[in-house]
Amino acid sequence: MTDNDAISTSERKRGSGVKMVYDLLRDEILDLVLPPGSPIDEVQLAERFKMSRTPIREALVRLAGEGLIDTLPNRSTMVSNIDFLNMHTFFDALVLMYRVTTRLAAQYHRIEDLQVIRGHQAEFAAAVAAQDALAMIATNAAFHSAIADAGRNAYFTGLFNRLLDEGRRILRLYYQSYEDRLPQRFVDEHEDIIAVIAARDTEAADRLATIHAEQIVQQIQKLFARGGKLNIAL
């Protein structure tokens, strides 16, 4: 093996290490395993993942670039807080993407798209029945992402997937407000949405998607706001 081959192998190993650390920490942050304000210690992470601090540091740089962790003036690092004060901009974009993607799915879907959507719906219904919050979040995102795919606009799909991903921390709190026991109506609403998509009823798809998205937003706002003030302890 030449020196260049050894360097290349080392770089690949480090790159895979960075990705593993990044993926695991990102999931833990978004799923609130690491809640907002949690300290991030490079030494502890290096011990946990059995690797040097260099790939740990690179993974943290990526997470910081996504706004998931903050480096404080004293150089300590922590999981970033959720910006509740500006949450309305996220909600506006989320509701709009629910509407647009569902409407386009009703207009442009193919038969095979409905099979994929129904498959994700079955997984969501099973997660709701099992009261598995993390599975509910994942299968709900997969359901709506499949609807977006059926609308055949990659730009809308990309934006919607980003919003669904960034909203995982919010959804985790949202499900906690139901003690991880979502009412059956959430499953029923998904079934109604599938029905209007299959019927190619764009107006009904828009209407149901709006109702579905806005009731989520209203519940979250009710959870966070008490008399116009934020009242949440993390």
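Four helices come first: helix 1 (3-30), helix 4 (87-108), helix 7 (154-166) and helix 8 (168-176) each put at least two residues into the lining of the largest pocket. This is a predicted model, so please hear every value as computed.

Let me stay with that pocket. Its space comes to about 420 Å³. The lining holds 20 residues, and those closest to the centre are Leu68, Ile82, Phe90, Glu166 and Arg169. By class, the lining splits into 8 nonpolar, 5 polar and 7 charged residues. Where does the largest pocket lie with respect to domain 1 and domain 2? Domain 1 (9-79) and domain 2 (87-225) both contribute lining residues, so the pocket lies between them.

Next, the second largest pocket. Its volume is about 290 Å³. Here 13 residues form the lining, and Glu42, Leu60, Thr71, Arg75 and Thr77 are the closest to the centre. Helix 2 (42-49), helix 3 (53-65) and strand 2 (69-71) each supply at least two lining residues. Helix 3 gives the most, with 5 residues. The classes are 6 nonpolar, 2 polar and 5 charged.

Keep Glu42 in mind, as we move on to salt bridges. The count for the structure is 16. One of them pairs Glu42 with Arg53, with the closest N and O atoms 3.3 Å apart. Glu42 sits in helix 2 and Arg53 in helix 3, so this pair ties together parts 11 residues apart in sequence. Are the two partners buried or exposed? Glu42 has a relative accessible area of 18%, which is under the 20% limit, so Glu42 is buried. Arg53 stands at 39% and is partly exposed.

Now a pair with a longer reach along the chain. Arg103 and Asp206 meet in a salt bridge, at 3.0 Å from N to O. Arg103 belongs to helix 4 and Asp206 to helix 10 (residues 202-224), so the pair links distant parts of the chain, 103 residues apart. Arg103 is partly exposed, at 27% relative accessible area. Asp206 counts as buried, at 12%.

A third pair is Asp180 with Arg172, where the closest N and O atoms are 3.1 Å apart. Both of these residues are buried. There is also a network: salt bridges with shared partners join Arg26, Asp27, Asp31, Glu66, Asp165 and Arg168.

Several of those names bring us to helix 8. How many of its 9 residues are buried? The number is 8, so the helix is mostly covered. The buried set is Arg168, Arg169, Ile170, Leu171, Arg172, Leu173, Tyr174 and Tyr175. Look back at three of the arginines. Arg168 is part of the salt-bridge network. Arg169 is among the residues closest to the centre of the largest pocket. Arg172 is the partner of Asp180.

Helix 8 also takes us to the cavities. There are 2 cavities of 30 Å³ or more. The largest has a volume of about 100 Å³. Its lining includes Phe90, Phe91, Leu94 and Tyr98, along with Ile170 and Leu171. Helix 4, helix 7, helix 8 and helix 10 each give two or more residues to this lining. Helix 4 gives the most, with 4 residues. The lining divides into 10 nonpolar and 2 polar residues, with no charged ones. Phe90 is worth a second look. Phe90 lines the largest cavity, and Phe90 is also among the residues closest to the centre of the largest pocket.

The second largest cavity holds about 60 Å³ of space. Around it are Phe124, Asn140, Tyr174, Tyr175, Leu182, Phe186, His190, His212 and Ile216. Helix 8, helix 9 (184-198) and helix 10 each supply at least two of the lining residues. The classes are 6 nonpolar and 3 polar, again with no charged residues. Asn140 and Ile216 appear in the lining of both cavities.

Last item: the sheet. It is open, with 3 strands in the order 1-3-2 and antiparallel pairing. Strand 1 (39-40) and strand 2 are at the edges, each with a single partner strand, so one side of each has no neighbour in the sheet. Strand 1 and strand 3 (residues 77-79) run antiparallel and are joined by 2 bridges. Which residue of strand 3 is the bridge partner of Pro39? That partner is Met78.

How values were computed
Residues are numbered from 1 along each chain as its sequence is written. This is a predicted model: local features need pLDDT of at least 70, side-chain atom pairs count only at pLDDT 80 or more; totals for chains, interfaces and linings use all residues. Side-chain values use heavy atoms; hydrogens and water are left out. On a 1 Å grid over the protein atoms alone, a cavity is a set of points where a 1.4 Å probe fits but cannot get out, and a pocket is an open set with protein on both sides within 12 Å along at least five of seven lines; lining residues have an atom within 4 Å of a point. Grid points are joined across faces, edges and corners, and a volume is the space filled by probe spheres set on the points. Ala, Val, Leu, Ile, Met, Phe, Trp, Tyr, Cys and Pro count as nonpolar, Asp, Glu, Lys and Arg as charged, and the others, Gly among them, as polar. Domain bounds come from an automatic or database domain assignment. A salt bridge is a side-chain nitrogen of Lys or Arg within 4 Å of a carboxyl oxygen of Asp or Glu. Buried means under 20% relative accessible area, exposed over 50%, partly exposed in between (1.4 Å probe, protein chains only). Two strands pair if DSSP finds at least two bridges between them.
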